[in-house]
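Visitor: I would like to learn how to read a structure like this one, feature by feature. Could you take me through it?

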Amino acid sequence: MKVKISDLEKVAVKKETYPANNLPEFAFAGRSNVGKSSFINAMLGRKNLARTSSTPGKTRTINFYKVNDDLRLVDLPGYGYAKVSKKEKDSWANIINEYLETRENLLETILLVDIRHDPTQLDIQMYDYLLASGFSGIVIATKKDKISKSSVKKNIDNIARKLKAPVKENIIPFSSVDKDEVDELWYILEDIIKFKKA
């Protein structure tokens, strides 16, 4: 897909404030500081549309990005940030769960993990939840540029093993710096839209 127009359409915490459910949506989940905002910027060919921060836990809302008036990319709050209260963590979990469980036009939720590290227990729980909810189990392994090329396959194999991923090919290494995989991922998202419409 050629991205011609992309905008932050809506920032929401409750379903009453979501945009209309008139476009297919792809949501992105992952722990704090895994690189969701950088990933979305790379996919949209923008530098700072999705606000990035070196401080984990920056995204505390659901951010809806409209693309070409055709679809939305949805940035969910990061989970697992240690330096916030249990009450705040529970609040983020409720925001994520309400969206995932009530959004009728949500086609796919994709998990982002850091290719350099083992998936956390929360990553594993989220992945299991997504599979149980009928999603495909696509995983974006971010920050590929921070490891050697020779380590990529080994790290992907390790992530697949830790997640007990049924299809290892669904784990896609990604670099928001190099952007090599952007076209491939747009093909995947477009295929999902075609499949769901069929």
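Guide: Gladly. Let us begin at the end of a helix: α3 is followed by G134, whose phi is positive, near 95°. Keep in mind throughout that this is a predicted model.

Visitor: How many helices and strands does the protein have, and what pattern do they follow along the sequence?

Guide: There are five helices and seven strands. Read along the sequence, they follow the pattern β-β-α-β-β-α-β-α-β-α-β-α.

Visitor: Back to α3, then. What should its twelve residues span?

Guide: One can check a helix by its rise. At 1.5 Å a residue, α3 should span 16 Å, and its end C-alpha atoms are 16 Å apart, so the two agree.

Visitor: Which residues of α3 are buried?

Guide: The buried ones are D123, I124, M126, Y127 and L130. They are on the same side of α3, because the arc they cover around the axis is only 165°. The face turned away from that buried side carries Q121 and A132, which are exposed.

Visitor: What does the same reading give for α5, with its 16 residues?

Guide: Here the expected span is 22 Å at 1.5 Å a residue, and the end C-alpha atoms are 23 Å apart, which agrees. Buried in α5 are V182, L185, W186, L189, I192 and I193. Their arc around the axis is only 120°, so they too sit on the same side of the helix. On the other side of α5, the exposed residues are D183, Y187, K194 and F195.

Visitor: I188 is in α5 as well. Is I188 buried or partly exposed?

Guide: Its relative accessible area is 22%; buried means under 20%, so I188 counts as partly exposed. Beyond its neighbours within four places in sequence, I188 is in contact with I138 and I172. I138 is 50 residues from I188 in sequence, yet the two are 9.8 Å apart in space, C-alpha to C-alpha.

Visitor: Which share of contacts joins residues at least 24 apart in sequence?

Guide: Among contacts between residues at least 6 apart, that share is 74%.

Visitor: Now the interior. Why look for groups of nonpolar residues there?

Guide: In soluble globular proteins, nonpolar side chains tend to be buried together. In this model, the largest nonpolar core has 32 residues, and those with the most contacts inside it are I62, L76, Y99, L111 and I171. At least two residues of this core come from each of β2 (25–30), β3 (62–67), α2 (86–102), β5 (106–114), α3 (121–132), β6 (139–142) and α4 (152–163). The largest share, five residues, is that of α4. A second, separate core has 27 residues, including L73, I172, F174 and V182.

Visitor: How much of the protein is buried, and how much surface does the protein expose?

Guide: Of its 198 residues, 49% count as buried. The protein exposes about 10300 Å², and carbon and sulfur atoms supply 49% of that area.

Visitor: One last residue: where is R103, and is R103 buried or exposed?

Guide: R103 is placed in the loop between α2 and β5. Its relative accessible area is 10%, so R103 is buried. Next, look for partners: the side chains of R103 and N105 are joined by a polar contact of 3.1 Å. Leaving aside neighbours within four places in sequence, R103 is in contact with Y18, P19, A20, N21, E25, F64 and R72.

Key
Residues are numbered from 1 along each chain as its sequence is written. This is a predicted model: local features need pLDDT of at least 70, side-chain atom pairs count only at pLDDT 80 or more; totals for chains, interfaces and linings use all residues. Side-chain values use heavy atoms; hydrogens and water are left out. A nonpolar core is a set of buried Ala, Val, Leu, Ile, Met, Phe, Trp, Tyr and Cys residues joined through side-chain atoms within 4.5 Å. Buried means under 20% relative accessible area, exposed over 50%, partly exposed in between (1.4 Å probe, protein chains only). Helices (H or I, at least four residues) and strands (E, at least two) are DSSP runs, numbered from the N terminus. The expected span of a helix is 1.5 Å times one less than its number of residues. The arc is that of the directions from the helix axis to the C-beta atoms. Contact means heavy atoms within 4.5 Å. Accessible areas come from the Shrake-Rupley method with a 1.4 Å probe; for residues, only the protein chains shown count as cover. A polar contact is a pair of N or O atoms within 3.5 Å; within protein, one must be able to donate a hydrogen and the other to accept it, and residues adjacent in sequence count only if both atoms are side-chain atoms.
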